[in-house]
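Please open the model in your viewer and keep the selection panel at hand. The tour below proceeds one selection at a time.

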Amino acid sequence: SDRSVMKEMVNDFEHGRSFNAELIHYRKDGTWFWGRSRGQAVTDEQGRVVHYFAIVDDISKEKASQKKLKEYEERLKIALSNVGDNYWEHNFKTSKTYFSNAGDNILGFKAEEFTDEASLWWKMVFPEDRKILEDNDAKYLAGTIDHHNHEYRMIHKDGSVHWVLDRGVVTEKDDEGKPVKIIGTHIDITKQKELEVELSRRAHQFKSLSENIPGVIYEYEFRTDGTEGLRYVSPAMEHIFGIVPAEFYNFFQYIHPLDIEDMIKKIQHSKETLQPFYTEARLITTKNGLVWYALTSSFSYYTPEGAAVFTGFLLNITERKNADNALIIREEKYRNIIANMNLGLLEVDNLEIIRSSNQSFCAMSGYSMEELIGKKASDLFAKGANEEMLELKNESRKKGISDAYEMAVQTKTGLVKW
């Protein structure tokens with residue numbers, strides 16, 4: 001786990017502040033997962049901290065999706081520079097920044113209203129947040145970071161303030177380990193921030209613990225007479241899922257038909273074993289339509305009447321599920337683009353060692369994928385003057401210079417192709 005994050009959390013504990021941190025958590029068996037920890041101080045009437053309540057949400061899939069998306073962007077940004085989605089690139093050597101969509105969706109400007117994307121972006125940064133970007137650039141230049149994840153405000157064309165999630169990662173470094181290029185994405189998280197503000201406002205209005213956390217707490221009991229059902233649903237159910245808590249007591253009417261059987265099995269298993277369970281499923285709501293939720297349930301206590309009570313937590317994960325689906329669609333789109341381009345794609349490292357290829361290139365060269373991976377490209381395809389030319393081109397690429405050229409290539413069968 002990140003010790004600096006842990007230190008900050010401890011500091012928040014000592015000062016009675018709420019916290020929200022993402023860090024690695026370790027299980028009893030030694031395995032680990034990424035968790036988002038959120039805690040809230042509970043105070044008495046005099047404002048003194050009585051105790052803390054904290055929840056940990058497993059965000060391993062979210063982290064994995066982010067990593068996989070970055071890998072695809074890094075591999076395809078050069079070959080498909082005119083096809084990709086919203087992303088930005090910055091070159092520290094030239095001080096030039098490229099935005100695939102600097103205005104329009106986030107800032108409200110059309111392409112014809114500006115000529116310099118980078119200047120427009122810096123101009124519209126909220127004054128009090130400019131230091132976030134300046135400090136971030138300074139850390140990159142000093143070589144102390146190789147990625148970032150920041151939230152800051154932008155001023156929209158209409159004067160409104162929009163929140164932006166800015167993520168970036170180094171894709172190229174010089175010989176001294178200093179960054180040469182970074183790429184990243186900008187995501188408008190204004191609605192998410194507005195929700196956070198609303199939750200914060202409600203936290204000050206209500207004393208109930210269940211109103212101070214970004215999810216729904218519930219209690220489900222298995223009674224001694226064989227009946228079972230919900231005994232409590234926190235008020236947060238209405239503003240998070242759009243369902244009045246009293247109406248959710250008959251929760252099966254909201255569960256997606258395809259998820260009901262699995263839910264019944266897991267509830268029955270918990271009843272028989274008192275073991276906890278976790279599931280992700282769908283609710284059909286009148287207000288918000290189809291909503292994805294994550295449900296965590298574990299045995300809590302027995303009532304005086306002998307009923308076994310499970311305490312659970314419902315979290316709205318619709319946004320994450322949409323992001324996962326978008327990633328799948330994007331992967332498929334990129335695969336189709338490459339397939340339909342009918343171009344040979346060969347990826348090599350700085351030593352000219354082949355790391356990957358597509359089937360089109362295999363067909364052109366006569367080599368199978370297994371025969372290409374790990375081989376030196378110039379040894380297979382260049383001889384004489386061509387070999388010398390490739391060495392010069394490779395040196396240029398190491399300096400960040402892209403190029404296009406024609407050359408004779410010898411296939412596996414000895415056939416020469418241009």
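The stops that follow lead from a sheet to several salt bridges and then to a single asparagine.

Keep in mind throughout that this is a predicted model. Begin by selecting residues 19–26, 32–43 and 49–58, which are strands S1, S2 and S3; together they make an open sheet of three strands in the order S1-S2-S3, with antiparallel pairing. Strands S1 and S3 stand at the edges and have a single partner strand each, so one side of each is left without a neighbour in the sheet. From one strand to the next the twist averages 30°.

Now narrow the view to S1 and S2, whose antiparallel pairing runs over eight bridges, and pick out His 25, which stands opposite Phe 33 in S2. Add residues 3–14 to the selection: this is helix H1, which packs on the sheet and touches S1, S2 and S3, with a direction at about 130° to that of S1.

Turn next to the charged side chains, bearing in mind that a search of the whole structure finds 24 salt bridges. Select Glu 62 and Arg 36, whose side chains meet in one of these, at 3.1 Å from N to O. Because Glu 62 lies in helix H2 (residues 60–76) and Arg 36 in strand S2, the pair ties together parts that are 26 residues apart in sequence. Both Glu 62 and Arg 36 are buried, and if you extend the selection to Glu 22, Asp 57 and Lys 63, you will have the members of a network of salt bridges to which Glu 62 and Arg 36 also belong.

Where does the pair of Arg 282 and Asp 259 sit? Arg 282 is in strand S11 (residues 277–285) and Asp 259 in helix H8 (residues 257–273), so that the pair links distant parts of the chain, 23 residues apart. The closest N and O atoms of this salt bridge are 2.9 Å apart, and both residues are buried.

Stay on helix H8 and select Lys 265 with Glu 261, which lie four residues apart, about one turn of the helix. They too form a salt bridge, with 3.5 Å between the closest N and O atoms; here, however, Lys 265 counts as exposed at 51% relative accessibility, and Glu 261 is exposed as well, at 53%.

For the final stop, select Asn 136 in helix H4 (residues 130–142). Asn 136 is buried, with a relative accessible area of 8%. Leaving aside neighbours within four places in sequence, display its contacts, which are Ile 145, His 148 and His 150.

Definitions and conventions
Residues numbered from 1 in each chain as written. Predicted model: local features only at pLDDT ≥ 70, side-chain atom pairs only at ≥ 80, totals over all residues. Heavy atoms only, no water. Pairing = 2+ DSSP bridges. Helix = DSSP H or I, 4+ residues; strand = E, 2+ residues; numbered from the N terminus. Axes fitted to C-alpha atoms, helices over the stretch in contact; angles between N-to-C directions. Contact = heavy atoms within 4.5 Å. Buried < 20%, exposed > 50% of the residue type's maximum accessible area, 1.4 Å probe, protein only. Salt bridge = Lys/Arg side-chain N within 4 Å of Asp/Glu carboxyl O.
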